[in-house]
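Student: Please take me through this chain by way of its domains, a sheet and its enclosed spaces. I would like the cut-offs stated as we go.

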Amino acid sequence: MKTGLNHLYIPGPTNVPDVVRMAMNVPMQDQRAPDFGGLTIGIIKDLMPIFGTTKGRVMLFPGSGTGAWEAAITNTLSPGDKVLMARHGQFSTLWVDMAQRLGLDVDVVDVEWGQGVPVVAFAEKLAADKDRAYKAVFVTHNETATGVTSDVADVRRVMDVVGHDALLFVDGVSSIGSIPFEMDAWRVDLAITGSQKGLMCPAGLGILAASDRAIAASKANTSRRCYFDFGDMLKMSEGGYFPYTPPTQILHGLRRALDRMHAEGLDMVYARHARLAEGVRRGVAAWGLSLCADHPSNYSDTVTAIRVPDSIDARDVIRIGYDRYNTSFGSGLSRLAGKAFRIGHLGDLNEGMTLTALAIAELSLAEAGAKIAFGSGVAAAQFWYAEANATVARLAAE
Ligand SMILES: *Cc1c(COP(=O)(O)O)cnc(C)c1O
């Protein structure tokens, strides 16, 4: 018998705020009613600043982030097209796998898990591509398996330097809505997310924003697709409708989640994620453990992947957290299984929640056999939060 709160510290699905859950408790409605379209149109308008775009076309497909990956590929590229991708964690690995299975000719750059997108290797390959064979460059903005955020602007810069006109596709599933994303400034052609991470909703929507170039590419390729066709979707979404039945409850939840994000202010949402994440990292440092992310410049503000000492198994840490403390941590994925666990810190979160995550992680680590001084990570995070929040209060008073 479990009592009390179930603590969810996985990097998606994230905690859904009570008001968002309640906003979804609405009767079924006619998705073709004359007054339905306004809901979708408002959602699209309020998603645009979260993607950092004023001109991209936002599309909401029933599905999840993986569905949005597939929509991105099958709408804009043809089987046999050459694309440039990197593998540096489980999510980038899965996207490579999908691209291969959909028939693309994938040039894969493998780098150590814990590193970001290999910008220098990308630059060399793009520069060497004299006949412009690469049709697209894929970037996993935030590798959720390793807690690594890559610099999309840097990738755009090297594409500009060598004058390569490939499309730029970005997986922002665990970044968009939690850390700054600048589709227009970075000239991203297709940006991808889902409803259940930074957007604080249940899973059920794969969300894309497409540039004019991506839309043009969607009209000139030989891939087969039907359900995920951009053309059908864009025609219907002009009026706020869908080519088929949308998950109307999730749309109501998303409406409320967007209201919350804009009421807080996107800059404040991003600052909060940065502040909470830094507390978690200081806690981990105080334990004497290291991160999977190999450099401070690529630390993720949405998820922290923590290496456990060689003498213990991270699966025990996760199991103890779940069985004894009603707490879910993220597991070490694929080659990190047993070696790492993850604390997701994105979406509807505050200091009390990250401190709880650290406190329960201390218990779970110690009970799994790690040498952890109780309270050390919690105290390090408390010191940081006190300092950071004093600074916030001072700035607000000025
Ligand atoms: C969660 C995640 C996905 C997969 O999204 P689903 O919604 O589970 O299909 C893809 N990429 C990244 C970076 C993710 O974090």
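Tutor: What follows is a set of questions on this predicted model, each with a short answer. Residues are numbered from 1 along each chain as its sequence is written, and side-chain values use heavy atoms, with hydrogens and water left out. As the model is predicted, local features need pLDDT of at least 70 and side-chain atom pairs count only at pLDDT 80 or more, while totals for chains, interfaces and linings use all residues.

Student: How far apart do the C-alpha centres of domain 1 and domain 2 lie?

Tutor: Domain bounds come from an automatic or database domain assignment. This assignment gives domain 1 as 7-13 + 266-397 and domain 2 as 18-262. Their contact (heavy atoms within 4.5 Å) takes 27 residues from domain 1 and 27 residues from domain 2. The C-alpha centres lie apart by 27 Å.

Student: Which are the edge strands of the open sheet of 4 strands?

Tutor: Strands are DSSP runs of E, at least two residues long, and helices are runs of H or I of at least four, numbered from the N terminus. Two strands pair if DSSP finds at least two bridges between them. The order is β1-β12-β13-β11, with mixed pairing. Pairing on one side only marks the edge strands, β1 (7-9) and β11 (303-307).

Student: Which residue in β12 stands opposite Y9?

Tutor: β1 and β12 (residues 327-331) run parallel and are joined by 3 bridges. Opposite Y9 in β12 stands F329.

Student: Which element gives the most to the lining of the largest cavity?

Tutor: On a 1 Å grid over the protein atoms alone, a cavity is a set of points where a 1.4 Å probe fits but cannot get out, and lining residues have an atom within 4 Å of a point. Grid points are joined across faces, edges and corners, and a volume is the space filled by probe spheres set on the points. The largest cavity, of about 40 Å³, has T146, R281 and V303 among its lining residues. The top contributor, with 3 residues, is β11.

Student: Which element supplies the largest share of the lining of the second largest cavity?

Tutor: The second largest cavity has a volume of about 30 Å³, and its lining includes M85, W95 and F138. At least two lining residues come from each of β3 (82-87), α4 (90-101) and β5 (134-140). The largest share, 3 residues, comes from β5.

Definitions and conventions: On a 1 Å grid over the protein atoms alone, a cavity is a set of points where a 1.4 Å probe fits but cannot get out, and a pocket is an open set with protein on both sides within 12 Å along at least five of seven lines; lining residues have an atom within 4 Å of a point.
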